[in-house]
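User: I should like to learn how the features of a protein model are read. May we go through them one at a time?

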Amino acid sequence: MIVMKFGGTSVENAGAIRRVAGIVRGRLHCCPAVVVSAMGGVTDRLVEMGAAAAAGRLDVALDVLRLVAERHQQTALELLSPAGFIHLQPKMDRHFTSAENLLCRIALEQRVSAKASDELLSFGEVVSSELVTAAFVGAGLNAVHVDARECIVTDSSYTKAVPQFEESQVRLIANIERPLRNGCIPVLGGFIAATRDGVPTTLGRGGSDFTAALVGAALSAERIEIWTDVPGIMTTDPAICPRAQLIPTVSFAEAAELAQFGAKVLHPGTLVPALEHNIPVHVLNSREPALEGTRIERDAPAQSSFRAISVKKGMTVVNVAGKQSWDPRGFLPAVLAIFDRHNCHVDAMATAQSSISLAVGSKEALPAIAAELEPLGAVSCENSKAIVCVVGDDLHRSPKVAAKVLSTVAGADINVRMISHGASEISINFVIEERDVVDTVARLHHALFSTTREEPALTAAGNYSGQRMS
Ligand code: ADP
Ligand code: ASP
Ligand code: MG
């Protein structure tokens, strides 16, 4: 069997869903199980609804919910026969009524708890998976809806819940294997899961890729296909640098590093189950399904020192200047323990004897963290930073590599706040001002990729033309 995951843009409207049905039809001989995201933009709308309800604007929240419900209904009307629509409508109505009740509860509580956020955000995938299943059936495919919340078991760390692999495997096999054996296509929502007690959880933003990998690992898939809106994994985010080039093959380790440092094309958790079970992951474009995309595998052949540049924006650098009284040996572990206790992931770090700078991507816990850090030293925070990460299989083997990266940046007078080289054998990362991202990436991309291979042709609109890296 194979797993095919379709992201938000791949199911954003009736036309896109029809295209997905066509792509799946072309893979029937591979026994696909299908994982879908919420329709493009819906998760962001759900986040906005929660925030509005909590801020006392329940009317605004319900208006946005109505628009989202209408979008799903309209798409269903375009895709389904009258009988198909009548069959689906009561299910969708039930889900949207539950979402409405939840927003009223959030308004009463005047806050969106992490638990309520997961319940709210799960509606996107709950409804999209029912809609896509109905569309498949309407298109003559033998498909059945499987509720992912009954298959993927997680702990209760809401908003970024951790899957319990063994329990999930048992449930995935129980729910997915039989339909597959009967020649049927199981369709499930990505991103959503539940605790052992059935409380809804999510796997973190972008988590549908992770769901696909969990399904693939549980069922020993031949491969996992991630269908998205770009030709594959590229030398950098084409939305930032239109000269980005397609990377035909990349190793699990390199792809994981890219995902960790912001390449949104893949959720960072995705590659763990795939690597453990040695299942190749293909990243493909649902708008151009004939293209070969990127293949992620254990032993991808190295092509050059540099493989790609990724960027993670919205970073904050937290500086702690330790008090004289602190023993430097105890200072660092004490600081890190505080971040760990607040579940705040540190992406990069620079240390001196009694001071430390840490780059973090989430701000929610920072006031509480800063309060706990105060007894250790003077704390200051710098916002609007970005981490740029250059990834390549053998970066550590060439001493000239870091020099090339840093001289490119220095030559452009870009202020580098922190550098980390050597912690990972396959990446160099550094922190810059967010406003310098486009310029930095353009310069680095030119310096690292255009000298060794041809620049890709640009379309008249200045977009990437789909040219592969040679
Ligand atoms: P989906 O909804 O299909 O999951 P995402 O928006 O999560 O899609 O991921 C696809 C996006 O990832 C692309 O539109 C692109 O802007 C971004 N991206 C970031 N880094 C890269 C990269 N190195 N290669 C390709 N796409 C990238
Ligand atoms: N819909 C979720 C999100 O937007 C999960 C995903 O698309 O992978 O984050
Ligand atoms: Mg995604």
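Analyst: Let us begin with contacts in this predicted model. Contact here means that heavy atoms lie within 4.5 Å. Leaving aside residues up to four places away in sequence, S357 touches V317, V318, N319, A348, M349, A350, R417 and M418.

User: In which strand is S357 placed?

Analyst: S357 belongs to strand β14, which covers residues 355-360.

User: Is S357 buried or exposed?

Analyst: The general idea is a cut-off: a residue is called buried when its relative accessible area is under 20%. S357 has 12% relative accessibility and therefore counts as buried.

User: With which side chain does the side chain of S357 make a polar contact?

Analyst: The partner is the side chain of N319, at 2.8 Å. N319 is also one of the residues in the contact list of S357.

User: How should I read the surroundings of a ligand? Which residues surround ligand 2?

Analyst: One starts with the residues around the ligand and then turns to individual atom pairs. Around ligand 2 stand S37, T43, E125, F191, R205, G206, G207 and S208. Sorted by class, this shell has one nonpolar, five polar and two charged residues.

User: Which atom pairs should I examine there?

Analyst: There are pairs with side chains and with the backbone. A nitrogen atom of ligand 2 is 2.6 Å from a side-chain N or O atom of E125, and an oxygen atom of ligand 2 is 3.1 Å from a side-chain N or O atom of S37. From S208, a backbone N or O atom lies 3.0 Å from an oxygen atom of ligand 2. Ligand 2 taken alone exposes 260 Å², and the protein buries 86% of that.

User: Which residues come nearest to ligand 1?

Analyst: The same steps apply. There are 18 residues around ligand 1, and of these T228, D229, M234, D237 and K264 come nearest. By class, the shell has eight nonpolar, six polar and four charged residues. For D237, an N or O atom in the side chain is 2.7 Å from an oxygen atom of ligand 1. For M234, a polar backbone atom is 2.9 Å from a nitrogen atom of ligand 1. For V265, a backbone N or O atom lies 3.3 Å from an oxygen atom of the ligand. Taken alone, ligand 1 exposes 580 Å², of which the protein buries 88%.

User: How does one read a helix, and which residues of helix α8 are buried?

Analyst: An α-helix has 3.6 residues a turn, so residues three or four places apart point the same way. In helix α8, residues 252-260, the buried residues are F252, E254, A255, E257, L258 and A259. After α8 comes G262, with a positive phi near 105°.

User: Where do C31 and S220 lie?

Analyst: Here one reads a backbone angle together with its place in the chain. C31 lies in the loop between α1 (14-25) and β2 (32-36), and S220 is in the loop between α7 (208-218) and β8 (223-228). C31 is not a glycine, yet its phi is positive, about 55°. S220, likewise not a glycine, has a positive phi of about 50°.

User: What is the relative accessibility of C31, and what is the relative accessible area of S220?

Analyst: The cut-off for exposed is over 50%, with partly exposed lying between that and the buried limit. C31 is at 37% relative accessibility and so counts as partly exposed. S220 has a relative accessible area of 57% and is therefore exposed.

Definitions and conventions
Residues numbered from 1 in each chain as written. Chains lettered and ligands numbered in written order. Predicted model: local features only at pLDDT ≥ 70, side-chain atom pairs only at ≥ 80, totals over all residues. Heavy atoms only, no water. Near = heavy atom within 4 Å. Polar contact = N/O pair within 3.5 Å; in protein donor to acceptor, adjacent residues only side chain to side chain. Areas by Shrake-Rupley, 256 points an atom, 1.4 Å probe, with all protein chains shown as cover. Nonpolar A, V, L, I, M, F, W, Y, C, P; charged D, E, K, R; others polar. Helix = DSSP H or I, 4+ residues; strand = E, 2+ residues; numbered from the N terminus. Buried < 20%, exposed > 50% of the residue type's maximum accessible area, 1.4 Å probe, protein only.
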